[in-house]
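This report goes through one protein model and its residue contacts. The sequence and structure come first, and the notes follow.

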Amino acid sequence: GIVRYSVEEPPQILSMNQSACDMLGYKNFAHYLSYSEGVAFKAVQHGSDERRKNVLARLMAGETRVPFSVSVTCADGSTRKIEGFSSLSSLADGQQIVQTAFNDVTEARRKQRERDVKRYSDVLYSVYDEIYEIDYTHERSRIIHSRFCQVNNDAWHNVQERVDAWLHVV
């Protein structure tokens, strides 16, 4: 998606292409504007104003492309992760603007987390004979991996009983 916004404060979104609208779940740019109620970056979560100002400062200092990564709230209330680059551009009348180009990386991030969890699990499972999850708040534990028996992840046990049983075997 591509979004263009003013350099001046407060910033105004000048345009949003259809790809950006689709990513965020808006029918068109006018639909986004009606949602945003005059707050240019209403869809961007957690400290968007500070991040935007930082990007702008870097661009004004001479950087040609500044990367960004933010979470956005879509029209349906869901959260998406977008990543892209911002750069300075000019309109026909010479007015300086910021142009951002970005992609929705939500699915890619989810898949990367799944790959990481699998990789870490494979390493743990290859090193240890048994792995326990301990819930100190409720003084319970459960086995999540064993080379010796079938695992029932729903079976929680008293921590002290587990430790006593383990010490009895050792």
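## Met 16 and the nonpolar core

Leaving out residues up to four places away in sequence, Met 16 touches Ile 2, Val 3, Cys 21, Leu 24, Phe 29 and Tyr 32. The model is a predicted one. Met 16 belongs to the largest nonpolar core, which has 27 residues. Together with Ile 13 and Phe 102, Met 16 touches the most other members of that core.

Seven elements are listed here, each giving two or more residues to this core: the strands β1 (2–6), β2 (13–16), β3 (66–73) and β5 (96–104), and the helices α1 (18–24), α2 (29–36) and α3 (48–60). In soluble globular proteins, nonpolar side chains tend to be buried together.

## Cysteines

Cys 21, one of the contacts of Met 16, is buried, at 1% relative accessible area. The closest cysteine sulfur to that of Cys 21 belongs to Cys 74 and lies 12 Å away. A disulfide needs the two sulfur atoms within 2.5 Å, and the distance from Cys 21 to Cys 74 is therefore too far for a bond. The structure has zero disulfides by this rule.

Cys 149 is partly exposed, with a relative accessibility of 44%.

## The sheet β6-β7-β8

Three strands make up an open sheet with antiparallel pairing, in the order β6-β7-β8. Its edge strands are β6 and β8, each of which pairs on one side only. Strand β7 covers residues 140–146, and five of its seven residues are buried, so the strand is largely enclosed by the rest of the structure.

How many bridges join β6 to β7? There are six, between antiparallel strands, with β6 spanning residues 130–135. One bridge pairs Tyr 132 with Ile 143 in β7. The two strands form a hairpin with four residues between them. In the turn, Glu 139 has a positive phi of about 50°.

On the β8 side, β7 pairs through two bridges, again in the antiparallel sense. Strand β8 consists of residues 157–158. Arg 140 has Asn 158 of β8 as its bridge partner, and Ser 141 stands opposite His 157 in β8.

## Salt bridges

How many salt bridges does a search of the whole structure find? The search finds five; three of them are described below.

Arg 80 and Asp 104 meet through their side chains, at 2.8 Å from N to O. Arg 80 is in strand β4 (residues 79–90) and Asp 104 in strand β5, so this pair ties together parts that are 24 residues apart in sequence. Arg 80 is partly exposed, with a relative accessible area of 28%, and Asp 104 is also partly exposed, at 28%.

Another salt bridge links Arg 58 and Glu 63, with their closest N and O atoms 3.0 Å apart. Arg 58 is partly exposed at 30% relative accessible area, and Glu 63 is partly exposed at 34%.

In the pair Asp 135 and Arg 140, the side chains meet at 3.1 Å, N to O. Is Asp 135 buried or exposed? Asp 135 has 16% relative accessibility; the limit for buried is under 20%, so Asp 135 counts as buried. Its partner Arg 140 is partly exposed, with a relative accessible area of 29%. Arg 140 thus takes part both in this salt bridge and in the bridge to Asn 158 of β8.

## Glu 133

Glu 133 lies in strand β6 and is partly exposed, with a relative accessible area of 32%. Which residues does Glu 133 contact, leaving aside its neighbours within four places in sequence? The contacts are Arg 140, Ser 141, Arg 142, Ile 144 and Trp 156. Of these, Arg 140 also forms the salt bridge with Asp 135, and Ser 141 is the residue opposite His 157.

Glu 133 and Lys 42 are separated by 91 residues in sequence. In space, their C-alpha atoms are 40 Å apart.

Methods
Residues are numbered from 1 along each chain as its sequence is written. This is a predicted model: local features need pLDDT of at least 70, side-chain atom pairs count only at pLDDT 80 or more; totals for chains, interfaces and linings use all residues. Side-chain values use heavy atoms; hydrogens and water are left out. Buried means under 20% relative accessible area, exposed over 50%, partly exposed in between (1.4 Å probe, protein chains only). Two strands pair if DSSP finds at least two bridges between them. A nonpolar core is a set of buried Ala, Val, Leu, Ile, Met, Phe, Trp, Tyr and Cys residues joined through side-chain atoms within 4.5 Å. Contact means heavy atoms within 4.5 Å. A salt bridge is a side-chain nitrogen of Lys or Arg within 4 Å of a carboxyl oxygen of Asp or Glu.
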